[in-house]
Amino acid sequence: SRVQTAKFKDVMFAAVCPGFCRTDMAGGEWKSVMSVVFWAVSWILGQSARAGADTPCYMAMCSAQEFEERAGVLIQDRKVLGF
């Protein structure tokens, strides 16, 4: 999102990571041993889909000033992640 932020000055971009969530994408179909492992890990360590949606919804609803402060960086759990 840094490249887009620098290239398009009139549009704001942010990269938002929902984190590891308990959804069917983390092994919804048990076709292999790895899909079972991913499913088990997601249910043990993962957060709910609602919790994963918190940061993207927060960024969509925050003020323009708050968004500008976070434009061009990676955000997870409402915090800027360092690269």
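Colleague: Why is R78 called partly exposed?

Modeller: R78 has 39% relative accessibility, and the class runs between buried (under 20% relative accessible area) and exposed (over 50%), with a 1.4 Å probe and protein chains only. So R78 counts as partly exposed. Keep in mind that this is a predicted model, where local features need pLDDT of at least 70, side-chain atom pairs count only at pLDDT 80 or more, and totals for chains, interfaces and linings use all residues. Residues are numbered from 1 along each chain as its sequence is written, and side-chain values use heavy atoms, leaving out hydrogens and water.

Colleague: And why does D54 count as partly exposed?

Modeller: D54 comes out at 32% relative accessibility, so D54 counts as partly exposed too.

Colleague: What makes R78 and D54 a salt bridge?

Modeller: The term asks for a side-chain nitrogen of Lys or Arg within 4 Å of a carboxyl oxygen of Asp or Glu. R78 and D54 meet at 3.0 Å, N to O, so the pair fits that definition. R78 sits in the loop between β2 (74-76) and β3 (79-81), while D54 is in helix α3 (residues 49-61), 24 residues apart. Helices (H or I, at least four residues) and strands (E, at least two) are DSSP runs, numbered from the N terminus.

Colleague: How many salt bridges turn up in the whole structure?

Modeller: The search finds 1.

Colleague: What about R70, buried or exposed?

Modeller: R70 is buried, yet has no salt bridge. E66, the nearest side chain of opposite charge (Lys and Arg positive, Asp and Glu negative, His and the chain ends not counted), is 4.5 Å away.
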